[in-house]
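Trainee: Hi, have you got a few minutes to go through a structure with me? I'd like to talk about its side chains.
Mentor: Happy to, put it up.

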Amino acid sequence: MSDFELLKNLQNELIKTLEERREVIGFIPRACSKAKIHRLRLQIQEVMIRIENKCEGTSRFSKEKWE
């Protein structure tokens with residue numbers, strides 16, 4: 001799986017988790033806990049930094065490493 005695909009999957013998982021949390025009334029289950037949201041945010045940040053570091057310069061003649 002490329003970094004780009006991983007980033008999209010992590011973002012979709014974060015959206016799903018936040019939507020589940022929005023619907024909860026009362027006790028918040030582990031599936032949408034604050035710790036899970038924090039972990040997903042850190043993973044997204046890590047993947048975005050990897051993608052940024054793999055970006056070439058100003059000219060592009062071939063597929064970049066993160067694609």
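Trainee: Let me start with Arg50: is it buried, exposed or partly exposed?
Mentor: Arg50 counts as partly exposed, because its relative accessibility is 30%. Keep in mind that we are looking at a predicted model.

Trainee: Noted. Which side chain does Arg50 meet in a salt bridge?
Mentor: That would be Asp3, with 3.1 Å from N to O. Arg50 belongs to helix H2, residues 34-54, and Asp3 to helix H1, residues 3-23, so this pair ties together parts that lie 47 residues apart in sequence.

Trainee: And Asp3 itself, buried or exposed?
Mentor: Asp3 is buried, since its relative accessible area is 10%; the cut-off for buried is under 20%.

Trainee: What does the side chain of Lys54 do with Asp3?
Mentor: The two side chains meet in a salt bridge, at 2.7 Å from N to O. Lys54 sits in helix H2 and Asp3 in helix H1, so here the parts tied together are 51 residues apart in sequence. The side chains of Asp3 and Lys54 also make a polar contact, at 2.7 Å.

Trainee: How accessible is Lys54?
Mentor: Its relative accessibility is 29%, so Lys54 counts as partly exposed.

Trainee: How many salt bridges does the structure hold?
Mentor: Eight. Another one of them pairs Glu20 with Lys16, whose closest N and O atoms are 4.0 Å apart.

Trainee: Where do Glu20 and Lys16 lie?
Mentor: Both are in helix H1, four residues apart, which is about one turn of the helix. Glu20 is partly exposed, given its relative accessible area of 30%, while Lys16 counts as exposed at 53%.

Trainee: Which residues do salt bridges with shared partners join into one network?
Mentor: That network consists of Asp3, Glu46, Arg50 and Lys54.

Trainee: Changing topic to cysteines. How many disulfides are there?
Mentor: The count is zero.

Trainee: Okay, and is Cys32 buried or exposed?
Mentor: Cys32 counts as buried, because its relative accessibility is 1%. Cys55, at 36%, counts as partly exposed.

Trainee: Now for the nonpolar side. Which residues make up the largest nonpolar core?
Mentor: There are eight residues in it: Leu7, Leu10, Leu14, Ile37, Leu40, Ile44, Val47 and Ile51. Both H1 and H2 are elements that give two or more residues to this core.

Trainee: Which element provides the largest share of this core?
Mentor: H2 does, with five residues.

Trainee: Why would nonpolar side chains be found together like that?
Mentor: As a general tendency, nonpolar side chains in soluble globular proteins are buried together.

Trainee: Last one, about Leu7. What does Leu7 touch, leaving out residues up to four places away in sequence?
Mentor: Leu7 touches Ile44, Val47, Met48 and Ile51. Three of those names will be familiar from the core list, where you can find Ile44, Val47 and Ile51 alongside Leu7.

Trainee: Great, so I'll look at Asp3 again, with its salt bridges to Arg50 and Lys54, and then at the core.
Mentor: Good plan. When you get to the core, begin with Leu7 and its contacts, Ile44 and Val47 among them.

Notes:
Residues numbered from 1 in each chain as written. Predicted model: local features only at pLDDT ≥ 70, side-chain atom pairs only at ≥ 80, totals over all residues. Heavy atoms only, no water. Buried < 20%, exposed > 50% of the residue type's maximum accessible area, 1.4 Å probe, protein only. Polar contact = N/O pair within 3.5 Å; in protein donor to acceptor, adjacent residues only side chain to side chain. Disulfide = S-S within 2.5 Å. Core = buried A, V, L, I, M, F, W, Y, C linked by side-chain atoms within 4.5 Å. Contact = heavy atoms within 4.5 Å.
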